[in-house]
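User: I'm new to this structure and would love a close look at one part of it. Could you walk me through a single spot and then show me how some of the helices pack?

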Amino acid sequence: MTAIKHALQRDIFTPNDERLLSIVNVCKAGKKKRNCFLCATVTTERPVQVNVVKVKKSDKGDFYKRQTAWALRDLAVVDAKDAVKENPEFDLHFDKVYKWVASSTAEKHAFISCIWKLNQRYLRKKIDFINVSSQLLEESVPSGENQSVAGGDEEAVDEYQELNAREEQDIEIMMEGCEYAISNAEAFAEKLSRELQVLDGANIQSIMASEKQVNILMKLLDEALKEVDQIELKLSSYEEMLQSVKEQMDQISESNHLIHLSNTNNVKLLSEIEFLVNHMDLAKGHIKALQEGDLTSSRGIEACTNAADALLQCMNVALRPGHDMLHAVKQQQQRFSDLREQFARRLASHLNSVFVQQGHDQSSTLAQHSVELTLPNHHPFHRDLLRYAKLMEWLKNTEYGKYEGLTKNYMDYLSRLYEREIKDFFEVAKIKMTGTTREGKKFATLPRKESAVKQETESLHGSSGKLTGSTSSLNKLSVQSSGNRRSQSSSLLDMGNMSASDLDVADRTKFDKIFEQVLSELEPLCLAEQDFISKFFKLQQHQSMSGTTTNEAEEMDGVSLSRSYPSGVPQTVTSEKDMIRQMMTKIFRCIEPELNNLIALGDKIDSFNSLYMLVKMSHHVWTAQNVDPASFLSTTLGNVLVTVKRNFDKCISNQMKQMDEVKISKKSKVGILPFVAEFEEFAALAESIFKNAERRGDLDKAYIKLIRAVFVSVEKVANESQKTPRDVVMMENFHHIFATLSRLKISCLEAEKKEAKQKYTDHLQSYVIYSLGQPLEKLNHFFEGVEARVAQGIREEEVSYQLAFNKQELRKVIKEYPGKEVKKGLDNLYKKVDKHLCEEENLLQVVWHSMQDEFIRQYKHFEGLIARCYPGSGITMEFTIQDILDYCSSIAQSH
């Protein structure tokens, strides 16, 4: 145990600055005996920390490792189980009860005794020791040999006190002076005693000498006090003499102060007068300009602007306290107020007349735009009005009521003017779209069929099997002959000879150009007006609106600005951008409904126009949002875009609905279904329109919906078809869909393209197998019997010994299928396939070649069975594979 204790001290506790005082070898009660050690330790540094540490041997080697440590202050109870009998078990109560079994009772008692002593020495709290013999719990520990590990060393450390440096130095000096006495302690002590007596005598003499000096010092102090009394008498006389001089000097100082105060007051008064004169005096020229200045000429406007700025500076001067109580100041302020009101009234009246005149002048030039698809230019009017921009800013800062009234009048006059211009503009656009004059007559340059004219005034719901579009143009496009096609660059006089599809393409191109021109005309008009409003009404910054109520602010739909307000700083704060947008909404309130009407007309003429409108409108919305996402133009175009997107979705939904409702004639073969051909044209048209478009994602979603609807409808029609086999309908239409998707290369439909190809291939194979069937029926039945015998376990070379399948029976069956009969059967099969297939898809030769391959496969299968089951018989078919190839080739050429 000593060796283990030494090893634990060296390896575990010395590196942690701890001393191991007691150790006990234990294992946990009631478990497999995995021995460990409980150690009682103290730290070498103060304050001393006492711990109980659990140490166990490592599983990987012979070294020990520290596992758990508990502070002794956390120990509540030590239970030795039995105080009389020998019992190695004991419990330690920390945060929970730990039950241990010691390797020997002696080790247990030694450990518990050590714990008791450590508790007595270091801890203030008392640990409960129960079932422990009283002999182990001794309060006093004898010194000397019987002293325990926990006692003597610590006490010896406490009694020893190290000498400090000063004490060491004094002892060394003393020892150096008494080297001879070191060997004789008594002589050394006597010498120290004598020196102490000498020091005591010197102290007494020093005390006696100091008493004489004190008496002398007291005499000197008495003399000093007498001198001080004499000096005080002299100072009192001097003070009486200076008192009269002080009174005279106070009188002189007071007189000088009054003079200085008067001078200061005069200077301040002069400064105040100069301030009022300099800041509240308006030049006569400015007054004349405000009262009589010409507001029509540029020079007069400039003079009025300078005078208005000078008046504003005079009115806004920061008066010092008390100035507003002066009569002259009040008169001048009243004069300025009268000038301001007079000029504001004159300016507002002039600008109102300018607004009215603009409406008349612009109406007179409106007639020249009635035929052209252009909007009148307001730039000259804006240029003339911008000369008054600084005066409008002055009016906004001084007379907000007048400014507000001008704003409302401007919106009223301009909204009526723009409404007339925009309605006439959209009327021209509608005329150009429909190709009719205002009286309902057609333009002579665009002759069209009666059915095409009817589309422009009615909702288009295609007949059964037709997608909603320009009547039946999509279907006609797939069957029109080359003789009816004419170049679009031909003269307009030849358009009467064009096919319906060519007319549709021309109409859509024309519609696209007109719609783009409408948007291109509206955008600069709105942007120019918004820029003018911002500059003229000074709405670039965030400013306060006048004392409008919340309800009045909400009435900016009609922008309630008619109420007059007192001049001064407004109270309710409103965003200048909101003010601009509200003014633009009032002025251009007709744009959104007119655009919606135009969109409705375009959709009514041809629902496919929604594709053009979606692309154009998306581009213009994207452009407007890049400039200002919150502007009137951006908001309006965004609202209209929602309508266009809704029409686009409705167009797609109508097409899907018509696919679902398609009906096929029961008496004629199906061929390429109309909606399959129409999807081809729709995709080709959409790809040409949406090339590099911002809203490509909307088209991709529509493609997915349409192609899935086409797939479902094809299968539905194929299942309902009575004249044409289901496999033929599926094969031809999915071949057409695959060819269309391969040609257009639509990335989002790659999966559908693969699916269409797979369906085409599967149904081609199914049709070939079903139609070809068993052309050599009896021979096929014969060999089926042969294969059945082989399957039952008969060896192939022994099949010929079966009575029903001997060589003679085989020769009889083979003789029934000479080459002439085979060719006849193939010719009938070719005619049957020709009746099923349509000419449009041109799959006859593909199907015939597949049937030829299938027939050859069956032939090779029969030959193989003959070679295996009838070896050496010399039996062969009466026709060869080359004969089959010749039959198929001659049949295909003859038809």
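Analyst: With a relative accessibility of 31%, R387 counts as partly exposed, because that class lies between buried, under 20%, and exposed, over 50%. Please keep in mind that this is a predicted model. You will find R387 in the loop between α9 (379-385) and α10 (389-398). Leaving aside residues up to four places away in sequence, R387 touches T296, S297, S298 and I301. One of these, T296, is 91 residues from R387 in sequence, yet their C-alpha atoms are 9.8 Å apart in space. With S298 there is also a polar contact of 3.3 Å, side chain to side chain.

Now to the helices. Two packed helices are described by the angle between their axes and the distance between those axes.

Let's take α23 (residues 750-772) and α27 first. Their axes are 9 Å apart and the packing angle is about 60 degrees, so α23 and α27 are oblique to each other. The crossing of this pair is right-handed. On the α23 side, the contact is made by Y760, L764, Q765, Y767, V768, S771 and L772, and α27 brings V846, V847, S850, M851, E854, F855 and Q858. Sorted by class, the residues where α23 meets α27 are nine nonpolar, four polar and one charged.

Helix α27 (residues 844-869) also packs with α26 (residues 819-836): their axes come within 11 Å and cross at roughly 145 degrees. The crossing of α26 and α27 is right-handed. Here α26 contributes V822, L826, L829, Y830, V833 and D834, while α27 offers L844, Q845, V847, W848, M851 and F855. In this contact of α26 with α27, 10 residues are nonpolar, one is polar and one is charged. If you look back at the α23 contact, V847, M851 and F855 of α27 are listed there, and they are listed in the α26 contact too.

One more pair rounds off the tour. The axes of α24 (residues 777-792) and α25 (residues 807-815) come within 8 Å and cross at roughly 155 degrees. That is why α24 and α25 are roughly antiparallel to each other. In this pair, α24 passes α25 in a left-handed crossing. The contact involves K778, L779, F782 and F783 from α24, together with E809, L810, V813 and I814 from α25. By class, the α24 and α25 contact holds six nonpolar, no polar and two charged residues.

Key. Residues numbered from 1 in each chain as written. Predicted model: local features only at pLDDT ≥ 70, side-chain atom pairs only at ≥ 80, totals over all residues. Heavy atoms only, no water. Axes fitted to C-alpha atoms, helices over the stretch in contact; angles between N-to-C directions. Helix = DSSP H or I, 4+ residues; strand = E, 2+ residues; numbered from the N terminus. Parallel < 35°, antiparallel > 145°, perpendicular 65-115°, else oblique. Left-handed = near helix turned anticlockwise from the far one by under 90°. Contact = heavy atoms within 4.5 Å. Nonpolar A, V, L, I, M, F, W, Y, C, P; charged D, E, K, R; others polar. Buried < 20%, exposed > 50% of the residue type's maximum accessible area, 1.4 Å probe, protein only. Polar contact = N/O pair within 3.5 Å; in protein donor to acceptor, adjacent residues only side chain to side chain.
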